[in-house]
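Pull up the model and get ready to turn it around a bit. We'll go looking for empty space first and then for a crowded spot.

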Amino acid sequence: MSQPILTVEHLTRNFGGLAALSDMSMTLNRGELVGLIGPNGAGKTTVFNMLTGVYAPSSGSITFDEHGTAVELGGRKPNAICRAGVARTFQNIRLFKELTVLENVVSAMQLQESYGLLATFGHTPVWKRSEADIRQRSREMLGILGLADKESELARNLPYGDQRHLEIARALATAPSLLLLDEPAAGMNPAETAELTTLISWIRENFDLTILLIEHDMSLVMTICERIYVLDHGIVIASGTPDEVQHDPQVIEAYLGQEASDV
C-alpha cells in the first residue's frame with residue numbers, strides 16, 4: 001500500500017470571526033493525482049496557501065513526508081516549504097514578466113542551490129560550473145513543456161497558454177515531490193485543456209510526482225484524478241473516487257448540480 005506523502009489533520013484558518021477553512025482532514029498518498037473541488041469561496045485556495053506557507057494555520061497540522069522523515073509545514077516560510085519539496089502554480093499567473101522565459105526557469109532552479117557568498121560574489125569555478133548546469137537543465141525543462149524556441153522572449157509577451165506552461169516549468173524546476181496546481185485550465189479553450197490534461201498525467205508519471213489539483217473544469221478533474229475532496233464553505237462535504245463524488249447527493253446540491261450528468 002502506498003505511503004502518505006501529505007497528511008492534513010483538523011486544519012482550520014480563521015480571518016477575524018470568519019472561518020475560511022474548518023477542521024479539514026486530507027491524506028495524499030505518494031504518486032497520487034488528487035482533485036480539490038468546490039464552489040467559488042469554498043476555501044480551496046486557502047488550503048493551498050496554508051500548504052505553501054502563505055498563511056499559517058489557526059489550528060491543525062500539515063505533515064509532509066518526502067523521504068521517510070515527517071516534517072510539520074504549518075507556520076514555515078514559503079521558501080523553506082519549497083526547499084522541502086512542495087511547489088505550486090497560481091490561479092492568477094505569477095511570472096517574472098520582465099525576465100526571459102529561460103531566466104524564469106533558471107531563477108526557480110537556483111533555489112535548490114547553495115553556493116555560499118564567496119562562490120556567488122567571486123564567480124568561482126564551482127559557481128560557473130553550477131550556473132552552466134542550471135542553464136542546461138532549464139533549457140531541457142523548457143523543451144519538455146514545449147517552450148524551447150521561446151527561451152529568449154520576455155515572459156509577458158507569451159500567449160496565455162504558454163504562460164501557463166512556463167509557470168508549470170518553473171514549479172517543476174524546484175524539483176518538488178508534491179506539486180499543487182491551482183486552476184491550471186483557467187482561461188483555456190477546449191483544445192488547450194485537452195492538451196493540458198495529457199501533460200499533467202505525463203508530468204506525474206515522468207517526474208514521479210504527487211499532484212493536488214484545484215480545477216473547475218469537471219471534465220478534466222473526472223478524467224485524470226484518482227480521488228477527489230469536495231469543499232463547501234470551508235468544510236469537506238465529500239471525498240472519494242470521481243464516480244462516488246459525482247453521484248453524491250450533497251455534492252450535487254452544493255456544487256455540481258446539472259453538471260453531474262455531463263461528466
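Here is a walk through two pockets, a helix and a strand residue.

This is a predicted model, where local features need pLDDT of at least 70, side-chain atom pairs count only at pLDDT 80 or more, and totals for chains, interfaces and linings use all residues. Residues are numbered from 1 along each chain as its sequence is written, and side-chain values use heavy atoms, with hydrogens and water left out.

Start with the largest pocket, which has a volume of about 500 Å³. A pocket here is an open set of points on a 1 Å grid over the protein atoms alone, where a 1.4 Å probe fits and protein lies on both sides within 12 Å along at least five of seven lines; lining residues have an atom within 4 Å of a point. The volume is the space filled by probe spheres set on the points, with grid points joined across faces, edges and corners. There are 20 lining residues, and Cys82, Arg88, Phe90, Arg170 and Thr174 sit closest to the centre.

Who builds that wall? At least two residues each come from α2 (78-84), β6 (86-88), α3 (101-109) and α6 (160-172), with α2 giving the largest share, four residues. Helices (H or I, at least four residues) and strands (E, at least two) are DSSP runs, numbered from the N terminus. By class, the lining splits into 12 nonpolar, four polar and four charged residues; Ala, Val, Leu, Ile, Met, Phe, Trp, Tyr, Cys and Pro count as nonpolar, Asp, Glu, Lys and Arg as charged, and the others, Gly among them, as polar.

Now for the second largest pocket, at about 210 Å³. Of its 15 lining residues, Asn40, Gly41, Ala42, Gly43 and Lys44 are the closest to the centre. This lining has nine polar residues, four nonpolar and two charged. Both β2 (18-29) and α1 (44-51) supply at least two of them, and the largest share, three residues, is α1's.

Stay with α1 for a moment: seven of its eight residues are buried (under 20% relative accessible area with a 1.4 Å probe, protein chains only). Lys44 is one of those buried residues. After the helix comes Gly53, with a positive phi near 85°.

Finally, find Val86 in strand β6. Val86 is buried, with a relative accessible area of 4%. Beyond its neighbours within four places in sequence, Val86 is in contact (heavy atoms within 4.5 Å) with Leu51, Thr52, Phe64, Leu73, Ile81, Pro176, Leu178 and Leu180. Leu51 also belongs to the buried residues of α1.

Terms used: Buried < 20%, exposed > 50% of the residue type's maximum accessible area, 1.4 Å probe, protein only.
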